[in-house]
Amino acid sequence: MPPVQPATPSPAPGPVRALSFSGAAALYAAARPGYPPEVFAALEEATGRALSTLSAVDVGAGTGIATRELVRRGARVTAVEPGAGMAAELRRSLPEVPVVRGDGNRLPFAGGSADLVTYAQSWHWTDQARSWPEAVRVLRPGGVLALWWNVADHQAPWVAEQDARIRRHLGADHGVHATPARGTPSRAVGLPEQGPVGRLLPWSRRVSLRTHLDNLASHSAFLVRGEEHAEADRRFFAEEGARLLELFPDGTVEERYVVDLTTVTV
Ligand SMILES: C[S@@+](CC[C@H](N)C(=O)[O-])C[C@H]1O[C@@H](n2cnc3c(N)ncnc32)[C@H](O)[C@@H]1O
């Protein structure tokens with residue numbers, strides 16, 4: 001298992017981008033990928049317990065993509081989500097799950113109240129100087145903080161080429177996949193040097209070309225672009241669709257990911 005390479009914590013991104021998903025919650029829920037079973041097996045390995053015995057807090061839960069998988073495996077989950085649109089979509093699709101409007105920098109829970117705190121693609125939106133001590137406070141001694149991201153797998157050449165086209169279109173620093181390749185620093189920043197365990201879990205999913213393009217469009221780098229870029233973006237997605245049809249003539253795209261998972265026991 002590769003050790004986690006701690007990177008320097010970055011300042012939390014601005015609130016506009018952090019909360020941009022809320023205006024596109026339905027698109028997000030329909031098009032974003034889930035997570036492979038290996039992620040949830042790794043959580044059981046890290047905690048040493050079946051998920052069905054754990055009380056979990058899923059922070060930055062969004063529309064509930066990770067929440068649903070935790071609940072399906074029997075965990076007692078409370079979802080935390082700051083965005084109104086995302087929280088509403090979560091409540092609609094998982095009405096049995098308690099959803100708290102809050103954020104990772106100030107968790108609305110008593111100390112020592114959870115066995116597991118999860119952040120699926122959301123830790124980077126927090127200020128880790130606050131979210132790490134908050135996770136430690138809310139976890140019971142021996143509890144586990146788990147952070148993970150679906151990362152575009154650049155071992156598939158078409159994925160790397162598409163990422164390069166997106167970066168050219170949006171400007172150099174604005175890809176949609178934050179960690180573009182295996183081996184680049186994890187976004188699991190702000191953790192102590194000793195203790196975190198990293199895992200890289202490759203997987204893929206097959207989706208329609210429409211869903212694939214919607215998935216790209218649901219990333220914050222596109223969501224925060226103003227009306228002045230709408231025509232250029234429309235052209236970009238039309239060209240991207242035509243290009244991908246040559247590669248996937250039956251209209252089914254195999255998206256390739258690596259889940260970058262970090263767990264740390266407190
Ligand atoms: C990329 S989405 C991930 C959603 C979901 N966990 C998933 O796996 O699809 C990031 C989520 O983090 C939320 N978020 C933004 N700032 C946050 C913060 N400071 N603390 C917790 N969540 C935050 C956003 O509203 C958004 O729903």
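This is a short walk through the sheet, the cores, a few single residues and the aromatic pairs of one protein model.

Okay, before anything else: what you have in front of you is a predicted model. Keep that in mind as we go.

Let's start with the sheet. Seven strands make up an open sheet, and the order is β3-β2-β1-β4-β5-β7-β6. The pairing is mixed. Which strands stand at the edges? Those are β3, residues 99-100, and β6. Each of them has a single partner strand, so one side of each has no neighbour in the sheet. As a reminder, strands in a sheet pair through backbone hydrogen bonds, and they can do so parallel or antiparallel.

Now go to β4 and β5. These two run parallel, with six bridges joining them. If you want a spot to click on, take Tyr-119, which stands opposite Leu-147 in β5. Then there's a helix packing on the sheet here: α6 touches β4, β5 and β7. The direction of α6 makes about 135° with that of β5.

Right, the cores. How many residues does the largest nonpolar core have? The count is 29, and the residues with the most contacts inside that core are Leu-43, Leu-116 and Trp-148. The elements giving two or more residues to this core are α2, α3, α4, β4, β5, β6 and β7. Of these, α3 gives the most, with four residues.

Let's sit on Leu-116 for a moment. Leaving out residues up to four places away in sequence, Leu-116 touches a whole list of others, among them Leu-43, Leu-51, Leu-54, Leu-70, Leu-139 and Val-144. There are also Thr-47 and Ser-55 in that list. And there's a second, separate core of 21 residues, which includes Val-59, Tyr-119, Leu-145 and Leu-191. So Tyr-119, the one opposite Leu-147 in β5, shows up again in this second core.

Val-59 takes us to the next stop, the loop between β4 and α6, where Ser-122 is placed. Buried or exposed, this Ser-122? Ser-122 counts as buried, because its relative accessibility is 6% and the cut-off is under 20%. A polar atom of the Ser-122 side chain lies 2.8 Å from the backbone oxygen of Val-59. Setting aside neighbours within four places in sequence, Ser-122 is in contact with Val-59, Gly-60 and Trp-149.

Gln-121 is in the loop between β4 and α6 too. Look at its backbone: phi of Gln-121 is near 60°, a positive value in a residue other than glycine. Gln-121 also counts as buried, at 15% relative accessibility.

A quick look at two helices. In α4, residues 65-72, you'll find Thr-67. Thr-67 is buried, with a relative accessible area of 0%. What does Thr-67 touch, not counting residues up to four places away in sequence? The contacts are Asp-58, Ala-61, Val-77, Ala-79, Leu-90, Leu-94 and Val-97.

The other helix is α8, residues 209-217, whose buried residues are Leu-209, His-212, Leu-213, Asn-215, Leu-216 and Ala-217. Their cover includes α2, α7, β6, α9, α10 and β7.

Last topic, the aromatics. A pair of rings is described by how far apart the centres are and by the angle of the planes. Searching the whole structure turns up ten aromatic pairs. Take Trp-158 and Phe-248: the ring centres are 5.3 Å apart and the planes sit at 80°, so this pair is edge-to-face. Where are they in the chain? Trp-158 is in helix α7, residues 157-170, and Phe-248 is in the loop between α10 and β7, so to speak distant parts of the chain, 90 residues apart. Trp-158 is buried at 14% relative accessibility, and Phe-248 is buried at 14% as well.

Then Phe-222 and Phe-237: centres 4.9 Å apart, planes at 45°, so that one is tilted. Phe-222 belongs to helix α9 and Phe-237 to helix α10, 15 residues apart. Phe-222 is buried at a relative accessible area of 7%, and Phe-237 is buried at 15%.

And finally, Phe-21, Tyr-28 and Trp-125 are linked into a cluster by ring pairs. That's my tour, thanks.

Technical notes
Residues are numbered from 1 along each chain as its sequence is written. This is a predicted model: local features need pLDDT of at least 70, side-chain atom pairs count only at pLDDT 80 or more; totals for chains, interfaces and linings use all residues. Side-chain values use heavy atoms; hydrogens and water are left out. Rings of Phe, Tyr and Trp (its six-membered ring) pair if their centres lie within 6.5 Å; planes under 30 degrees apart count as stacked, over 60 as edge-to-face and the rest as tilted. Buried means under 20% relative accessible area, exposed over 50%, partly exposed in between (1.4 Å probe, protein chains only). Contact means heavy atoms within 4.5 Å. A nonpolar core is a set of buried Ala, Val, Leu, Ile, Met, Phe, Trp, Tyr and Cys residues joined through side-chain atoms within 4.5 Å. A polar contact is a pair of N or O atoms within 3.5 Å; within protein, one must be able to donate a hydrogen and the other to accept it, and residues adjacent in sequence count only if both atoms are side-chain atoms. Two strands pair if DSSP finds at least two bridges between them. Axes are lines fitted to C-alpha atoms, for helices over the stretch in contact, and angles run from 0 to 180 degrees between N-to-C directions.
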